[in-house]
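Please examine the sequence and the three-dimensional model shown here. The explanation that accompanies them is written for a reader who has not met this structure before.

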Amino acid sequence: MSPLSAVPAGPLTLEVLGPRFGTLVHDLDLATADDVQVSAVRAALTEYKVLFFRNQGLNPDQQIRLGNRMGDLTASHPVVPGIDEAHSEIYALDSADDGYADVWHTDVTFVKRPPLGSILRAVILPPTGGDTSWADLELAYASLSPAVQRLADELTAVHDGSKDFGYYLAQRRQGRGSDWEGETFTALEEVQHPVVRVHPETGRRSLFVNPGFTTRIAGVSDAESRHLLDLFFAHLTKPEHLVRHRWAEGDVAMWDNRATAHYANRDYGDARRVMHRVTLRGDAPVGVEAPDRQVASAG
Ligand SMILES: O=C(O)CCC(=O)C(=O)O
Ligand SMILES: [Fe+2]
């Protein structure tokens, strides 16, 4: 039965966690949802940015099918292969194999077109711990002072996946990564994105930098870059910008990767935790119209 705070929202029953951030979606089976329900979920994803579904029990085929109904799926990851040949879209985060944890990040921002969103399923959970938190990057932008917003609007950031995935590409894949959006990844090269991203569907602005992959601010000194990133990272991870999820068997989470960052706690000792993720194809981040925007020179 739904809790008292659950409200009907079109074909969905939502239990909203923040005014415009985070909601549980009750009484919906993602494997058998009809088209009207799937498009309502897609709309809720943009509005609430992170959605949680309990008691789903999706299998890998059903997770891929759901992803294909929500958008276009990418390969599992630019450098990490899928769980098997039949499921090349599924990226496993396995604590027994160095699964990505303990880092605030937005998925795969080190490519030109980072994923639009991700759909994550709990496969094996530890007895305690292993929560995941999400940060609302729109709220983080909105809660900056206007003068700092204006500064951020003009900045461009460099994103680089080589610290976290360079070794994997070189050593575990001998330099040949996945076919990701028509490109075979043989090296991880820096890309640049605007620090303030304008959401392509809502026009809302978000503070689109993350500690996992944003390495510097382009066109400013090293010291300025360091201090600006320290400021932005501390700001976006303030508790009032976050929701935290305690996983249970059967849970699925979905997030809008254009306006959020997230962090998986690795706080469960030697217990095993396995999650399966698919990602939806996204577009190149677009910034605020800023005539004085700084970009790094080539090289
Ligand atoms: O393990 C988790 O809870 C989240 C891991 C993660 O960063 C992801 O799925 O993109
Ligand atoms: Fe992630």
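The paragraphs below move from the overall form to a central strand, then to the metal site and the empty spaces.

The model is a predicted one. The protein contains six helices and 18 strands. Along its principal axes, the C-alpha trace extends over about 55 × 45 × 35 Å. For 299 residues, a compact globule would be expected to have a radius of gyration near 19 Å, and the value for this protein is 19 Å, so the two agree. Of the 299 residues in the protein, 53% are buried.

Strand β6 is a useful place to begin a closer reading. This strand covers residues 117–124, and six of its eight residues are buried, so the rest of the structure largely encloses it. β6 is paired with two strands described here. With β16 (residues 252–256) it runs antiparallel over five bridges, and within that pairing L120 has A253 as its bridge partner. With β18 (residues 274–280) the sense is again antiparallel, and seven bridges join the two strands. In this second pairing, G117 of β6 is matched with L280 of β18.

The metal site comes next. Which residues coordinate the iron ion (ligand 2)? The donors are H105 through NE2, D107 through OD and H262 through NE2, at 2.1 Å. Their spacing in sequence follows the pattern H-x1-D-x154-H. D107 belongs to the loop between β5 and β6, whereas H262 belongs to strand β17 (residues 260–264), so this pair ties together parts that lie 155 residues apart in sequence. D107 and H262 are both buried.

The empty spaces of the model can now be considered. Rolling a probe the size of a water molecule over the atoms reveals where empty space remains. The structure holds two cavities of 30 Å³ or more. The largest cavity has a volume of about 240 Å³. It is lined by 24 residues, and those closest to its centre are L93, Y100, H105, H262 and A264. Two of these names, H105 and H262, have already appeared as donors to the iron ion (ligand 2). β5, β17 and β18 each contribute at least two residues to the lining of the largest cavity, and β5 provides the largest share, with three residues. By class, this lining comprises 13 nonpolar, six polar and five charged residues.

The second largest cavity has a volume of about 40 Å³. Its lining is formed by L30, A31, Q62, R65, L66 and R69. These residues divide into three nonpolar, one polar and two charged.

Finally, there is the largest pocket, with a volume of about 340 Å³. How many residues line the largest pocket, and which of them lie nearest its centre? The lining has 20 residues, and Y91, D97, D98, G99 and Y100 are the ones nearest the centre. Y100 is also listed among the residues closest to the centre of the largest cavity. Strand β5 (91–94) and helix α5 (162–172) each supply at least two residues of the pocket lining. The greatest contribution comes from α5, which gives five residues. The lining of the largest pocket is made up of twelve nonpolar, two polar and six charged residues.

Methods:
Residues numbered from 1 in each chain as written. Chains lettered and ligands numbered in written order. Predicted model: local features only at pLDDT ≥ 70, side-chain atom pairs only at ≥ 80, totals over all residues. Heavy atoms only, no water. 1 Å grid on protein atoms, 1.4 Å probe; cavity = no way out; pocket = protein on both sides within 12 Å on 5 of 7 lines; lining within 4 Å. Points joined across faces, edges and corners; volume = space filled by probe spheres on them. Helix = DSSP H or I, 4+ residues; strand = E, 2+ residues; numbered from the N terminus. Nonpolar A, V, L, I, M, F, W, Y, C, P; charged D, E, K, R; others polar. Buried < 20%, exposed > 50% of the residue type's maximum accessible area, 1.4 Å probe, protein only. Pairing = 2+ DSSP bridges. Donors = N, O, S within 2.8 Å, 3.2 Å for Na, K, Ca; no water. Rg over C-alpha atoms; globule rule 2.2 N^0.38 Å.
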